[in-house]
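User: I should like to learn how to read the features of a structural model, beginning with a metal site. Please give the general idea before each case.

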Amino acid sequence: MLRYRLSRPRGRDRTRSYQKGTPVQIIAADVIVTSPDRNFVTLKITTDDGFTGLGDGTLNGRELSVASYLADHVVPLLIGRDPQRIEDTWQFLYRSAYWRRGPVTMAAIAAVDVALWDIKAKAAGMPLYQLLGGASRNGVMAYGHASGRDLPELFDSIRRHLELGYRSIRVQTSVPGINAVYGVAAQPSAGGRRYDYEPAQRAALPAEEDWDTRAYLRHLPGVFEAVRNEFGPELPLLHDGHHRMTPIQAARLGKDLEPYDLFWLEDCTPAENQEALRLVRRHTTTPLAIGEVFNTVWDYQTLISEQLIDYVRSAVTHTGGITAMRKLLDYAAQYQIKSGIHGPTDISPVGMAAALHLDLAIHNFGIQEYMRHGPATDEVFLQSFSFTDGYLHPGEQPGLGVELDEQAAARFPYQPAYLPFNRLKDGTIHDW
Ligand code: CS2
Ligand code: MG
């Protein structure tokens, strides 16, 4: 475990502060980097009246950059600040940095923001969703990741997820002629570890994978036809294009998948070029989800204002925390665009809990991704959220409902890990 700590001596009694609005102070901030099953970066803030809050700052394959941004640049600014002033702290960290946006900055700001919301909800003695306006539903519909190298294996994986209680399923499949495809659990990865758990491989260098979009476009519609024939018309089915198609290829796939009534087609084309989705939208009614690699509302401006997407895929951890995500989802709500918060294993249980509190409180909730963490991660992060009959719930603990066992974390030192990258048949680098 890597741990950076900055602190100042304690000194106040507890009860007086929040009720009477007497300024409280942040006296310590720890950046904790641990690697149970995979690397995680967690910020732990401590106030002078004994409250602690956790925030997730995990950026897959670039974890230490956020840890350094926090430890070397942000933590010194937090000591002595009033933890109650969440919006002011958000604006201070965003504007005083001068260099705005981007995955590292926004993950660092998110870690601080979520930790402060955790503290405020604990001080108020209520679960965070209550502070965010209370529950707008009884539970949060989650989707799980089924995949297979062939149809029988895929069908087994779907059945297994239904047995686990999932009521919505993401379908990813191997493609004939391609050696390794994103999201297919059973295929052996470069590091020899099963894929389903973690796309980032612990290794000194990233693994090279291959890709062929035309082979994929020929293969995928047939897979969804087979899944619909096997599991019927009702089961919500999702698919992740993982940024690999050009706009016209994405338009074609969206159209070819229309008969199979997908819940969504995700990241059908790299969306830095937001206008590209106009072309996709012109050709298909398959619902579109985009945004897991986005970091601010500005990355969505055209996509939302022109109704070019149906689901916002950002993660709380990568988009400036609860404060910024709330504003983004409120903006999307004006266009009847719903949430589809990113929830893979590289979002820590702290980041997942933050998402669940938001999911339960907002009106324009769509669906929540839920990839389960591994057993060692569950030892380090003590979670109170639950998954029952397809629905997640953040629980009723004050705050986020997640605590970090620092002794357990210390048993899992950081290990370098990288996401794979893609090359086409002619050797050209392609989106992974
Ligand atoms: C994926 C992610 O879950 C998803 O939708 O796109 O698994 C993604 O590949 C990882 O978060 C990358 O770190
Ligand atoms: Mg995705």
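Analyst: Donors are N, O and S atoms within 2.8 Å of the metal (3.2 Å for Na, K and Ca), and because water is not among the atoms, sites may look incomplete. This is a predicted model, in which local features need pLDDT of at least 70 and side-chain atom pairs count only at pLDDT 80 or more, while totals for chains, interfaces and linings use all residues. Residues are numbered from 1 along each chain as its sequence is written, chains are lettered from A and ligands numbered from 1 in the order in which they are written, and side-chain values use heavy atoms, with hydrogens and water left out.

User: Which residues are the protein donors of the magnesium ion (ligand 2)?

Analyst: Asp240 (OD), Glu266 (OE) and Glu292 (OE) serve as its protein donors, at 2.0 to 2.2 Å. Their spacing in sequence is D-x25-E-x25-E. Helices (H or I, at least four residues) and strands (E, at least two) are DSSP runs, numbered from the N terminus. Glutamate 266 belongs to strand β10 (residues 264-266), and glutamate 292, 26 residues apart from it, to the loop between β11 (288-290) and α10 (301-305).

User: Are glutamate 266 and glutamate 292 buried or exposed?

Analyst: Buried means under 20% relative accessible area, exposed over 50%, and partly exposed in between (1.4 Å probe, protein chains only). Both glutamate 266 and glutamate 292 are buried.

User: How many residues surround ligand 1?

Analyst: A residue is near a molecule if one of its heavy atoms lies within 4 Å of it. Here 15 residues surround ligand 1, the closest being Asn60, His242, Glu292, Arg313 and Glu369. A polar contact is a pair of N or O atoms within 3.5 Å. Polar side-chain atoms of asparagine 60 and histidine 342 lie 2.9 Å and 3.3 Å, respectively, from an oxygen atom of ligand 1. For the side chain of glutamate 266, an N or O atom is 3.0 Å from a ligand 1 oxygen.

User: Which strands does β13 pair with?

Analyst: Two strands pair if DSSP finds at least two bridges between them. Strand β13 (residues 338-341) runs parallel to β12 (residues 311-312), with two bridges, and parallel to β14 (residues 365-369), with three bridges. In β14, isoleucine 367 is the bridge partner of glycine 340. A crossover is right-handed if, with the strands pointing away from the viewer, the path from the first strand over the helix to the second runs clockwise. The β-α-β crossover from β13 through helix α12 (residues 349-361) to β14 is right-handed.

Note on methods
A polar contact is a pair of N or O atoms within 3.5 Å; within protein, one must be able to donate a hydrogen and the other to accept it, and residues adjacent in sequence count only if both atoms are side-chain atoms.
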